[in-house]
Amino acid sequence: MYYAGVDVGSTTTKAAILDVNRALLGTSLLATGADVTLAGQRAFDRAVAAAEIEPHDVTMIIGTGYGRYKVTFGHAQITEISCHAKGASFLFPNTRTLLDIGGQDTKAIRIGVGGEVLEFVMNDKCAAGTGRFLDASAQVLDIPLEDLGTTGLRARAPIKLSNVCTVFVESEILSHTARGRPTEDIVGGVHKAIASRSVALLRRVGIEEEVTFTGGVSRNVGMQRAIEEALGTSLNVSELSQHMGAIGAALFALERSEGKHVSPGVQVST
Ligand code: ADP
């Protein structure tokens, strides 16, 4: 008996397969692209292949993420807020505050002792200060996204960004490069600006330790460090942080199959 979570995000789609003992057997990650339904199906197929099982061995599939209703082969849908909280408190049981920075949104979530969502806020519709802003910064500076973090860590005198709007990032960064500012100081400034915005969001739900950082942006070590400095405390981050929503969804699938009640406040539709 196996359980799957499929997290269809605005930028990437992730899937995770768990066995009955909550062991993670396989994951997948791909760009969501234009065909959201296809992305969900592909992510599921790839995670099943990574787990070395057959699709019909999966007892329950739960869809999450902004495209969760496109996981048409799923048995239920649950919001990514609840799924990230579930996954984070599974990996880091003392999590009380969660920061999830994805491709186009940032969420601050306060979590109860049982992993339930007590409160959450997210950025407004604009993608300012999200993964997209970092992607655009990397592109203007012509450095691979994967190197952004380590580049930012080398900053000696981080620049001060006037705003974190994706529309203006190119011209703002180009004006700093034109003035001869080193790339690492520009990246360091970008990280600092996003960190301060993220911490302001966290303050709105109340910051209680331990704080866990999830979403694709948690893979950026420069962002991790900048947020830790702005917060004055360390963050829980795992190699699986980008998959936290998919893992949480798979955990919900397992609990539902075991007949456990899904936490209050979780949107479930079958
Ligand atoms: P979604 O909102 O689609 O769920 P994710 O949580 O997967 O998005 O986050 C996507 C973002 O994560 C990208 O926009 C990018 O900024 C960041 N990201 C992904 N992989 C890496 C990496 N290896 N290094 C740094 N940042 C990354």
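Strand 2 (12–19), helix 3 (131–141) and helix 4 (145–153) each contribute at least two residues to the shell around the ligand in this predicted model. The shell draws on both domain 1 (1–92 + 239–270) and domain 2 (96–237), so the ligand lies between the two domains. The site occupied by the ligand is the largest pocket.

**Composition of the ligand shell**
- The ligand is surrounded by 17 residues, of which Thr11, Thr12, Lys14, Asp135 and Gln242 come nearest.
- Sorted by class, the shell comprises eleven polar, four charged and two nonpolar residues.

**Polar contacts and burial of the ligand**
- The side chain of Lys14 places an N or O atom 2.7 Å from an oxygen atom of the ligand.
- In Gln242, a polar side-chain atom lies 2.7 Å from an oxygen atom of the ligand.
- Gly216 takes part through its backbone, with an N or O atom 2.8 Å from an oxygen atom of the ligand.
- The ligand taken alone exposes 570 Å², and the protein buries 90% of that area.

**Backbone features in loops**
- Glu209 and Glu210 are joined by a cis peptide bond, with omega at about 5°.
- Glu210 is located in the loop between helix 6 (183–205) and strand 9 (211–214).
- Arg22 is not a glycine, yet its phi is positive, at about 70°.
- The loop that holds Arg22 runs between strand 2 and strand 3 (24–31).

Conventions:
Residues numbered from 1 in each chain as written. Predicted model: local features only at pLDDT ≥ 70, side-chain atom pairs only at ≥ 80, totals over all residues. Heavy atoms only, no water. Near = heavy atom within 4 Å. Polar contact = N/O pair within 3.5 Å; in protein donor to acceptor, adjacent residues only side chain to side chain. Areas by Shrake-Rupley, 256 points an atom, 1.4 Å probe, with all protein chains shown as cover. 1 Å grid on protein atoms, 1.4 Å probe; cavity = no way out; pocket = protein on both sides within 12 Å on 5 of 7 lines; lining within 4 Å. Sits in = over half its atoms within 2 Å of the grid points. Helix = DSSP H or I, 4+ residues; strand = E, 2+ residues; numbered from the N terminus. Nonpolar A, V, L, I, M, F, W, Y, C, P; charged D, E, K, R; others polar. Domains from an automatic or database assignment.
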